[in-house]
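Open the structure in your viewer and keep the selection tool ready. This tour moves from stop to stop, saying what to select and what is there.

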Amino acid sequence: MKRIVTALVHNRSGVLNRVTGLFTKRQFNIESISVGYTEVEGISRMTFVVNVEDDRKIEQLMKQLHKQIDVLKVTDITDQGVVARELALIKVLSTGQTRSEINGIVEPFRASIIDVARDSVTVQVTGETSKIEAIIDLLRPYGIKEIARTGITAFARGNGKSVTDLKQYSIVN
Amino acid sequence: MRAKLEAEPASQAQAEKVNGADMLMKALREEQVDILFGYPGGAVLPIYDALYKAPIRHVLARHEQGAIHAAEGYARVSGKPGVVIATSGPGATNLVTGIADAMMDSLPLVIFTGQVASGVIGTDAFQEADVVGITMPITKHNYQVRDIKDLPRIVKEAFHIASTGRPGPVLVDIPKDLTVQDAPPVKEVEMDLPGYQPNLHPNPLQIRKLVDAIKVSKKPVILAGAGVLHGKASEELKNFAELYELPVIHTLLGLGGFPADHPLFLGMAGMHGCYTSNMALYECDLLINIGARFDDRLTGNLATFAPKAKVVHIDIDPAEIGKNVTTHIPIVADSREALLKILEHEAVRGDTEEWHRHLQAYKLENPFWYTKTNDVLSPQLLIEQVYEMTNGEAVVTTDVGQHQMWAAQYYSFKKPNNWVTSGGLGTMGFGFPAAIGAQLANPASKVVAFVGDGGFQMTLQELVLLKELNLPVKVVLLNNSTLGMVRQWQETFYEERYSQSLFSLQPDFVKLAESYGIKGYRVKNQEEAECVLKEALTSDEPVLIDCLVNPKENVYPMVAPGKGIHEMLGVKP
């Protein structure tokens with residue numbers, strides 16, 4: 001099953017190495033990982049999408065992450081009301097004739113064309129993973145030259161109301 | 001979490017410049033370090049220069065691995081962090097086995113490694129290795145000092161992390177140029193560890209659940225691990241077991257936490273544990289694990305481990321709870337704190353009379369056994385002899401393999417912190433240097449190192465330290481000219497194809513001891529052993545006894561890989 005886990009970490013040298021090393025050591029599969037600064041200086045947020053077999057495995061992952069000295073807080077936000085977004089850059093083959101067709105795809109997705117070359121255009125799209133998959137599918141017939149995706153970054157919605165039953169993995173009892 | 005360092009009077013600071021290495025010595029003194037285990041080299045020359053003037057004892061091992069295993073022995077016996085210094089590159093990589101060993105067995109170590117100068121890090125400089133990267137998965141935490149003004153804080157944090165919560169090794173990597181830089185004056189050192197807050201106190205609700213579970217249990221059992229020793233909870237464990245009349249089982253590393261001669265003690269459980277303990281784990285309806293991590297050598301096949309039991313797990317490390325065995329009552333706490341809280345409750349026992357009778361019958365019918373022969377020396381008998389002659393009060397260290405299991409089976413520990421062995425990592429070559437550290441930690445104690453001829457040859461260069469430091473360690477070498485445990489597995493599971501497990505040539509261990517200036521003996525049978533042991537164990541000098549033991553002897557009972565611990569081989573002759 002797919003889980004989204006966020007961790008607040010000390011922005012110290014080697015912290016990404018510590019966390020990814022831990023995933024390797026304990027045989028967890030990371031689907032995506034994104035890291036960036038938060039509103040607090042010196043603290044970064046990591047967002048992982050992981051694929052685990054069962055509840056025990058995700059519980060282990062959370063506990064092992066929490067054990068890292070540089071990790072301040074770990075939350076599994078999968079079952080909470082979350083805002084999860086990903087950004088993708090897609091370079092599509094495009095001649096003069098197809099450019100307007102591509103435009104017709106880009107607009108309803110609220111994506112944008114951020115670069116135009118003689119034989120290609122680069123589309124930037126932001127949204128949930130399913131939306132990004134959808135636009136990639138639509139653009140594929142034109143010929144995709146390159147894709148770069150950031151992976152999901154996410155946190156819980158304001159007020160933190162959960163949309164489904166909240167599964168708690170408590171670190172302390 | 002503040003500690004005051006003596007403020008340097010400004011005038012004096014000007015008169016005598018302090019560099020990074022001096023600063024390190026000062027920080028070590030602040031942590032009450034009185035002994036270092038190490039080996040010098042290029043990148044730590046300034047540190048060794050500062051050490052030259054510092055009032056800290058340094059034990060010069062002959063190999064970095066010897067130094068770190070000695071530090072582990074020291075930590076295990078003294079309860080204080082063992083402190084190790086090695087140079088960059090090969091010095092540091094030679095420590096890797098010891099660091100991994102300490103991580104697995106939760107031993108507090110603080111390790112300082114030199115690093116090439118900041119300016120050339122990352123250029124594959126002479127004796128450069130990415131030690132922080134290499135040791136990341138085998139340390140509780142590690143640091144590379146980037147600015148000399150951070151050093152006092154890092155040292156303070158390193159000792160704090162190593163010795164609190166679940167203990168473990170912490171490594172501090174120090175680039176050479178920082179150790180010769182002028183160090184700014186330090187007045188107050190404050191730790192900055194918001195992400196590290198070990199939870200010592202149990203949730204009272206969970207303790208209540210445990211106490212209630214005991215009331216209704218007909219077949220309860222305590223499984224006590226090394227967490228009892230780390231938490232200094234032996235006394236509380238004894239009170240708890242006696243008050244509720246609960247039988248006690250130990251893990252390999254927990255031995256000594258509960259007195260082996262106590263009527264409630266069943267014995268060690270696991271792959272080579274005793275019949276009664278393994279069966280008690282299989283049959284119990286309430287399993288109270290205190291500070292053990294359900295290691296696979298203890299549990300055997302998890303599918304048939306304690307199948308009928310409600311499992312209580314008390315551990316200071318929440319990640320150990322539920323990792324291998326489904327737990328019904330998890331209690332995150334320091335072992336002693338948890339036991340003290342349990343003892344606050346009124347003790348109501350369940351109806352366990354039948355259970356105790358049942359276990360006593362098991363105990364009587366299925367003791368450890370071996371065949372006594374006159375012509376060859378039984379290794380088990382040898383250990384029993386040492387046990388009797390030392391009244392079970394010696395500090396015992398072992399290597400890894402058959403002799404380790406026999407020592408665990410036949411040397412009955414009455415007191416905590418007398419047992420030093422490599423459990424989790426199973427490090428051959430551990431036992432002998434660990435004995436050196438154990439003797440240094442406890443000079444008045446009798447220290448016996450049971451070693452095999454395989455493991456001993458991995459670190460025997462440290463023999464020189466016995467003479468040099470006049471440490472009266474008794475090295476009892478159980479010499480069967482084979483890698484006994486490998487041979488036993490090959491006999492049992494590989495149709496007696498003894499691939500590379502029989503030594504065709506051995507050194508003369510007596511002459512070897514003599515060449516290091518140590519008295520050496522060789523014994524071949526029971527009478528010789530008795531005579532020599534009597535002399536050796538009462539002597540106040542270091543001794544090596546080369547005991548030629550039966551090479552065909554196997555460790556029993558034995559749980560075959562993949563089997564449950566109730567499915568033992570060789571329970572009876």
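**Stop 1: the open sheet of chain B**

Select the six strands that form an open sheet in chain B, in the order β16-β15-β17-β18-β20-β19, with parallel pairing. You are looking at a predicted model. Now find the edges. They are β16 (419-420) and β19 of chain B, and each pairs on one side only. Strands of a sheet pair through backbone hydrogen bonds, either parallel or antiparallel.

**Stop 2: strand β20**

Select residues 543-548 of chain B, which make up strand β20. Is this strand enclosed or open? Six of its six residues are buried, so β20(B) is largely enclosed by the rest of the structure. Show the side chains next. In a regular strand the side chains alternate between the two faces of the sheet. Here B:Val543, B:Ile545 and B:Cys547 point one way. B:Leu544, B:Asp546 and B:Leu548 point the other way. Both sets are buried.

**Stop 3: the neighbours of β20**

Add residues 474-479 of chain B, strand β18. How many bridges join β18(B) to β20(B)? There are six, and the two strands run parallel. Pick B:Leu477 and look across to B:Asp546 in β20(B), which stands opposite.

Then add residues 519-523 of chain B, strand β19. Five bridges join β19(B) to β20(B), again with the strands running parallel. B:Arg522 stands opposite B:Asp546. For B:Val523, the bridge partner in β20(B) is B:Cys547.

Keep β19(B) and β20(B) selected and add helix α24, residues 526-538 of chain B. Together the three elements make a right-handed β-α-β unit.

**Stop 4: another crossover in chain B**

Move to residues 35-38 and 57-60 of chain B, strands β2 and β3. They pair in the parallel sense over four bridges. Check one pairing: B:Ile35 stands opposite B:Arg57 in β3(B). Now follow the chain from β2(B) through helix α3 (residues 45-53) to β3(B). Which hand does this β-α-β crossover have? It is right-handed.

**Stop 5: all of chain B**

Zoom out and colour chain B by secondary structure. It has 24 helices and 22 strands. Its radius of gyration is 25 Å, close to the 25 Å that the globule rule gives for 573 residues, so chain B is as compact as a globular protein of that length. Along the principal axes, its C-alpha atoms fill a box of roughly 75 × 60 × 40 Å. Of the 573 residues, 54% count as buried. Contacts also reach along the sequence: among those between residues at least 6 apart, 77% join residues at least 24 apart.

**Stop 6: where the chains touch**

Show chain A as well. Here 20 residues of chain B are in contact with 19 residues of chain A. On the chain B side, α7 (131-135) and β14 (329-332) each supply at least two residues. Which element gives the most to this side? It is β14(B), with three residues. The chain B residues here divide into 12 nonpolar, seven polar and one charged.

**Stop 7: helix α2 of chain A**

Finish on residues 55-67 of chain A, helix α2. The helix has 13 residues and reaches 18 Å from its first C-alpha to its last, close to the 18 Å expected at 1.5 Å a residue. Its buried residues include A:Ile58, A:Leu61, A:Met62 and A:Leu65. A:Glu59 and A:Lys63 are among the buried residues too. Now bring in the surroundings: the buried residues of α2(A) pack against β1 (2-10), α1 (15-25), β3 (43-51) and β4 (71-76) of chain A.

Definitions and conventions. Residues are numbered from 1 along each chain as its sequence is written. Chains are lettered from A and ligands numbered from 1 in the order in which they are written. This is a predicted model: local features need pLDDT of at least 70, side-chain atom pairs count only at pLDDT 80 or more; totals for chains, interfaces and linings use all residues. The expected span of a helix is 1.5 Å times one less than its number of residues. A residue is buried if 20 or more other C-beta atoms lie within 10 Å of its own, exposed if 12 or fewer, and partly exposed in between; C-beta atoms are placed from the backbone. Two residues are in contact if their C-beta atoms, placed from the backbone, lie within 7 Å. The radius of gyration is taken over C-alpha atoms; the globule rule is 2.2 Å times the number of residues to the power 0.38. Ala, Val, Leu, Ile, Met, Phe, Trp, Tyr, Cys and Pro count as nonpolar, Asp, Glu, Lys and Arg as charged, and the others, Gly among them, as polar. Two strands pair if DSSP finds at least two bridges between them. A crossover is right-handed if, with the strands pointing away from the viewer, the path from the first strand over the helix to the second runs clockwise.
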